[in-house]
Amino acid sequence: MKHIIKGNEPQSLKKYRLETPNATYKGLSREEVRKKLIEEQGAICAYCMCRISNNKNKKANNLSIEHYRSQYRHKNFELTYNNMLGVCNGNAGGPSNKLICDKSKSKFDRTHDLTVDPLMVERINQIKYTKEGEIHSNNKDINRDLNEILNLNEQQLKEERSTVYKHTKKKIKSFWAKAKGNRTKVRSLLLSEMQNLDSKDFSPLCGVSIYLINKQLAKV
């Protein structure tokens, strides 16, 4: 999971909310909201960090608008932009044990609010990754969200994160070799790599790389 910095709400959403009597999410034209979410999230899912698209071709469009606080339990937040996240299709239509992100979360929306929050850097900093691709936290509530509510340790996701983990570790090792052990040069290379990860379109699963680079930066 990667920290998301929300921008200003789309004007179409603000206008609809303020000028439409008894406005509901169901009646909202969402195209501008979808474009804004793609832009501020660098085209990755707010939960699993896989690539999302708002393509006009419906077959290539896998973006859904997720309400962080569920519409069922928090009707007063259904038109609040800061409560909206862009997420993937969550393996919709697949077996129950393969559902991830909001599709898995929907099973708990009547009873559970998330503790983990991609809008809070303090929460994101409590997330860790293993070389096997497992995502976890020492915070038991966040750990439950990651494992049970969002099902982010689904096997395919773990395998993909493991690949990113190993690739990033190899790249960090190459930085040390390139800098011939010079810690200042290594730090500069790490910071440059971090900047690349924060480019306009974020790398899928980039939270794994950010986690490892931050760990290495703490040592140099």
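For the charge count on this tour, Lys and Arg are taken as positive and Asp and Glu as negative, while His and the chain ends are left out. Keep in mind that you are looking at a predicted model.

**Stop 1: the charges.** Select the Lys, Arg, Asp and Glu residues. The chain carries 42 positive and 24 negative charges, and the mean positions of the two groups lie 6 Å apart.

**Stop 2: the whole chain.** Switch to a cartoon view and you will find eight helices and four strands. Following the chain from the N terminus, the elements read α-α-β-β-α-α-β-β-α-α-α-α. Now turn the C-alpha trace around: along its principal axes, the trace spans about 65 × 35 × 35 Å. The radius of gyration is 19 Å, which agrees with the value near 17 Å for a compact globule of 220 residues.

**Stop 3: surface and interior.** Show the accessible surface, which comes to about 12100 Å², with 48% of that belonging to carbon and sulfur atoms. Of the 220 residues, 45% count as buried.

**Stop 4: one residue in detail.** Select Asn 151, in the loop between α5 (140-149) and α6 (155-178). Is Asn 151 buried or exposed? Its relative accessible area is 15%, under the 20% cut-off, so Asn 151 counts as buried.

Next, add Leu 99 to the selection: the side chain of Asn 151 reaches the backbone oxygen of Leu 99 at 2.8 Å. To see the surroundings, show the residues in contact with Asn 151 beyond four places in sequence, among them Asn 97, Lys 98, Ile 100 and Ser 104. Asp 145 and Leu 146 are also in contact with Asn 151.

Methods. Residues are numbered from 1 along each chain as its sequence is written. This is a predicted model: local features need pLDDT of at least 70, side-chain atom pairs count only at pLDDT 80 or more; totals for chains, interfaces and linings use all residues. Side-chain values use heavy atoms; hydrogens and water are left out. Helices (H or I, at least four residues) and strands (E, at least two) are DSSP runs, numbered from the N terminus. Buried means under 20% relative accessible area, exposed over 50%, partly exposed in between (1.4 Å probe, protein chains only). A polar contact is a pair of N or O atoms within 3.5 Å; within protein, one must be able to donate a hydrogen and the other to accept it, and residues adjacent in sequence count only if both atoms are side-chain atoms. Contact means heavy atoms within 4.5 Å. The radius of gyration is taken over C-alpha atoms; the globule rule is 2.2 Å times the number of residues to the power 0.38. Accessible areas come from the Shrake-Rupley method with a 1.4 Å probe; for residues, only the protein chains shown count as cover. The place of a charge is taken as NZ of Lys, CZ of Arg, CG of Asp or CD of Glu.
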